[in-house]
Amino acid sequence: MSGFSPYPLSKNEYYDRLTEKIIIKTCHKNSVCVDVGAHDGKILALFIRHCPLALHYAFEPLPYLFKLLVRKYGSACQVYKLALGNKAGTASFNYVESNAAFSGLQTRADIHHEKETTLEVRTDVMDHVIPLTIPVSLIKIDVEGGELDVLMGAHQLIKINKPYILFEFGKGGSDAFKVTPQMMYAFFKEVGYEISLLSSFLHLKPSLAFEDFEKHYQKGDEYFFIAQPVRNTSV
């Protein structure tokens with residue numbers, strides 16, 4: 001009997017399944033992975049399952065989720081109670097109590113009728129926390145619009161290790177941080193990366209031109225992507 005649900009997948013469930021396939025495709029048993037915005041550890045658990053010989057890194061600023069991650073995964077992962085971004089210090093963090101997945105360093109304008117409160121959290125940059133000598137293979141970033149700040153704070157790690165990068169990018173979150181498709185695309189171009197849809201990456205299809213990336217953003221039909229070093233298509 002198949003272990004898959006007989007019901008249609010939600011978009012997030014669809015992305016989770018593709019993410020697992022990407023982990024299997026790009027990582028080995030000793031590959032180091034990083035989960036930024038680890039939440040309850042669903043993706044972190046996949047890192048640990050498929051890369052059991054590595055010590056992984058996870059970042060989650062919400063205290064109760066941080067404790068959960070330490071309890072469940074602390075033996076296989078270094079967990080930090082931090083909100084990663086592009087500077088170190090402290091910041092106000094908008095905790096959406098009725099839907100914690102929408103919590104972040106900025107308040108989403110598209111959140112309505114949710115119970116929200118503000119917490120003081122520590123912030124830092126990935127380049128300060130993870131030694132640049134650690135051979136990071138894969139990074140997943142889901143921080144409700146702050147993805148570009150996280151990437152900017154990991155600039156050196158990306159340049160040195162050239163990991164695959166799974167990242168969320170869509171309206172609502174990006175609007176709160178005033179990040180445009182042009183800004184996100186330009187960052188990856190500067191570090192020598194290209195952006196693909198998860199399914200296209202798995203089927204070795206061409207990466208997204210900027211016009212296509214922006215079109216997906218405007219339509220909202222895709223909001224989770226993978227970036228990788230630009231491939232040499234001339235051979």
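C77 has a relative accessibility of 4% in this predicted model, and because that value lies under the 20% limit, C77 counts as buried. The cysteine sulfur closest to that of C77 belongs to C33 and lies 9.9 Å away, which is too far for a bond. C27 likewise counts as buried, with a relative accessibility of 10%. For the sulfur of C27, the closest cysteine sulfur is again that of C33, here at 3.9 Å, and this separation too is too far for a bond, because a disulfide would need the two sulfur atoms within 2.5 Å. In keeping with these distances, a search of the whole structure finds zero disulfides.

From the cysteines the description turns to the strands. Strand β7 covers residues 136–141, and five of its six residues are buried, so this strand is largely enclosed by the rest of the structure. Two pairings involve β7, one with strand β1 and one with strand β8.

The pairing with β1, which spans residues 32–36, runs in the parallel sense and extends over five bridges; within it, V34 stands opposite I139 of β7. The pairing with β8, which spans residues 164–168, is also parallel and is formed over four bridges, and here K140 of β7 has L166 in β8 as its bridge partner. In a regular strand the side chains alternate between the two faces of the sheet. Taken together, β7 joins parallel pairings with β1 and with β8, while five of its six residues are buried.

How values were computed
Residues numbered from 1 in each chain as written. Predicted model: local features only at pLDDT ≥ 70, side-chain atom pairs only at ≥ 80, totals over all residues. Heavy atoms only, no water. Buried < 20%, exposed > 50% of the residue type's maximum accessible area, 1.4 Å probe, protein only. Pairing = 2+ DSSP bridges.
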